[in-house]
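Here are my notes for you, point by point. Keep the picture open while you read.

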Amino acid sequence: MKFLKMWIEKRNRKERLPSNWNSLRARVLRRDDNKCQLCGALASQVDHIIPNDDHTLSNLRSLCRSCHQVKSSSEGNAAKRLRDEDLKRTYLRRPDYRFD
């Protein structure tokens, strides 16, 4: 759950990338033979396996655009559900709030 909270915070992802991101990205793509680690297609993107700011090679993998989009979308949806649950809990604690 902790890693999902990272996706809730409104931050620019590119601003959080390390200054050597381009070389890390190239290294990961080369290590993975430019193959998507999920479906085997040609990879053009690098994914954080555990979504956070851990840019170590062991937390990075090559993905094709399609697989990366599906993974990122599911993480975003999970973060939205978490945010919605937090909102509900906040309102349920308010004595003046009623569900009608």
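1. Let's fix some vocabulary before anything else. A residue is called buried when its relative accessible area is under 20%, exposed when that area is over 50%, and partly exposed in between (1.4 Å probe, protein chains only). Bear in mind that this is a predicted model, so local features need pLDDT of at least 70 and side-chain atom pairs count only at pLDDT 80 or more, while totals for chains, interfaces and linings use all residues. Residues are numbered from 1 along each chain as its sequence is written, and side-chain values use heavy atoms, with hydrogens and water left out.

2. Now the general layout. You'll find four helices and two strands in the chain; these are DSSP runs numbered from the N terminus, with helices being H or I over at least four residues and strands being E over at least two. Walking from the N terminus, the order of elements is α-α-α-β-β-α. The chain has 100 residues, and 27% of them are buried.

3. Next, contacts and surface. Contact means heavy atoms within 4.5 Å. Take the contacts with a separation of 6 or more: 51% of them join residues 24 or more positions apart. As for surface, the chain exposes about 7,400 Å², and carbon and sulfur atoms supply 52% of that area. Areas like this come from the Shrake-Rupley method with a 1.4 Å probe; for residues, only the protein chains shown count as cover.

4. Which residues form the largest nonpolar core? They are W21, L24, V28, L29, A43, V46 and L60. By nonpolar core I mean a set of buried Ala, Val, Leu, Ile, Met, Phe, Trp, Tyr and Cys residues joined through side-chain atoms within 4.5 Å. One core member, L29, is in contact with N34, A43, S44, Q45, V46 and S62, once you leave aside its neighbours within four places in sequence.

5. Helix α3 deserves a good look. Its buried residues are W21, L24, V28 and L29. They sit on the same side of α3, because they cover an arc of only 130° around the axis; the arc is taken from the directions from the helix axis to the C-beta atoms. The general background is that an α-helix has 3.6 residues a turn, so residues three or four places apart point the same way. On the face turned away from the buried side of α3, you'll spot the exposed residues N22 and R30. The cover over the buried residues of α3 includes β1 and β2. After α3 comes D33, which has a positive phi, near 55°.

6. On to the charges. How many salt bridges does a search of the whole structure find? It finds four, where a salt bridge is a side-chain nitrogen of Lys or Arg within 4 Å of a carboxyl oxygen of Asp or Glu. One of them joins the side chains of R31 and D32, at 3.0 Å from N to O. In this pair R31 is partly exposed, with 40% relative accessibility, whereas D32 is buried at 10%.

7. My pick for a closer look is D47. Its side chain meets that of R61 in a salt bridge of 3.0 Å, N to O. D47 lies in strand β1 (residues 45–48) and R61 in strand β2 (residues 60–63), so the pair ties together parts 14 residues apart in sequence. The side chain of K71 also meets that of D47 in a salt bridge, at 3.1 Å from N to O. Here K71 is in helix α4 (residues 65–93) and D47 in strand β1, 24 residues apart. Together, D47, R61 and K71 are linked in a network of salt bridges. Buried or exposed? D47 is buried at 3%, R61 is buried at 18%, and K71 is buried at 12%.

8. Finally, the cysteines and a histidine. A disulfide is a pair of cysteine sulfur atoms within 2.5 Å, and by this rule the count is zero. Why is C64 without a bond? The closest cysteine sulfur, in C67, is 3.6 Å from the sulfur of C64, which is too far. C64 is buried, with a relative accessible area of 8%, and C67 is buried at 17%. H68 has its place in helix α4 and is buried at 16%. Setting aside neighbours within four places in sequence, H68 is in contact with Q45, V46, D47 and L63.
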